[in-house]
Amino acid sequence: MWPLQQRHKNPKLPLPLLHPQWRNSNPLGRRTRQLAARFTVDTQAPEVRILPFDPDRPVRRTVSVRGTAQDLYFEHYEVNVAPTGTAPDGAWRQLAYSEAPALGVGNLANWHAEDEGANGAFDVRLSARDRAGNTAETTQAVTVENDLDAPTITITAPASSPVSG
């Protein structure tokens, strides 16, 4: 199915302009029909943006990915994460997928890095696609610093003392 023929999932956004018109036009007087159509061609990529993480403050526990993913003919966005330097090897792991645009600045995904034992430098990627097949992506670096070492417990016996009662 062509992107212009698909039904839009969000009724608040306009559909492409498609108005077929039949005309009888033939210089010899024969009845023929032509189809004339007006339509909008979307060549604009979606707008994607991740709010930058503070490079001087490592993130602990949960990484909140905030940003924007929007387009007039929006289809979906996806948030992925990978250890820095491993992305070309296909190490991206999906954190979120949504068919609803993130208008303005919103929460795109929450990554519970502590639950996964994540530590170190990571890349967070936001990619979006519209119904015409246009895509856009952006990447932000984040440093995750979780205390994954088990606590050390030391028990010392109390000094002996006479018990009096």
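Below, a biologist quizzes a modeller about the ring pairs, sheets and core of this predicted model.

Modeller: Ground rules: it's a predicted model, where local features need pLDDT of at least 70, side-chain atom pairs count only at pLDDT 80 or more, and totals for chains, interfaces and linings use all residues. Residues are numbered from 1 along each chain as its sequence is written, and side-chain values use heavy atoms, with hydrogens and water left out.

Biologist: Why are Phe 74 and Tyr 77 called a tilted pair?

Modeller: Rings of Phe, Tyr and Trp (its six-membered ring) pair if their centres lie within 6.5 Å; planes under 30 degrees apart are stacked, over 60 edge-to-face, and the rest tilted. Phe 74 and Tyr 77 come out at 6.4 Å centre to centre with 55° between the planes, so they pair, and tilted is the word.

Biologist: What makes Trp 111 and Phe 122 edge-to-face?

Modeller: Their centres are 4.9 Å apart and the planes make 70°, which is over 60, so the label follows. This pair links distant parts of the chain, eleven residues apart: Trp 111 sits in strand β7 (residues 102–112) and Phe 122 in strand β8 (residues 120–130). Strands here are DSSP runs of E, at least two residues, and they're numbered from the N terminus.

Biologist: How do you know that Trp 111 counts as buried?

Modeller: Buried means under 20% relative accessible area (exposed is over 50%, partly exposed in between, with a 1.4 Å probe and protein chains only). Trp 111 has 3% relative accessibility, so it counts as buried. Phe 122 has 9%, so buried fits there as well.

Biologist: And what makes Arg 125 a charge over the ring of Trp 92?

Modeller: The rule asks for NZ of Lys or CZ of Arg within 6 Å of the ring centre and within 35 degrees of the ring normal. Arg 125 lies over the face of Trp 92, at 4.3 Å from the ring centre, so the distance part is satisfied. Arg 125 also stands opposite Thr 139 in β9.

Biologist: How do you know that β8 and β9 pair?

Modeller: Two strands pair if DSSP finds at least two bridges between them. β8 and β9 have ten, in the antiparallel sense, so they qualify. Their hairpin has four residues between the strands, and Gly 133 takes a positive phi near 95° there.

Biologist: Why are β6 and β9 at the edges of their sheet?

Modeller: That open sheet of four strands runs β6-β5-β8-β9, with antiparallel pairing. β6 (93–98) and β9 each have a single partner strand, so one side of each is left without a neighbour in the sheet. Inside it, β5 and β8 pair over nine bridges, and Pro 83 stands opposite Phe 122 in β8.

Biologist: What makes β3, β4 and β7 a sheet?

Modeller: β3 and β4 share four antiparallel bridges, while seven join β4 (residues 62–70) to β7. Both counts meet the pairing rule, so the open sheet has the order β3-β4-β7. Gly 67 has Gly 106 as its bridge partner in β7, and Val 48 has Ala 69 in β4.

Biologist: What makes a group of residues a nonpolar core?

Modeller: Its members are buried Ala, Val, Leu, Ile, Met, Phe, Trp, Tyr and Cys residues joined through side-chain atoms within 4.5 Å. The largest one has 25 residues, and Val 63, Val 65, Tyr 77, Val 79, Trp 111, Val 124 and Leu 126 touch the most other members. β3, β4, β5 (74–83), β7, β8 and β9 (135–144) each give two or more residues to this core.
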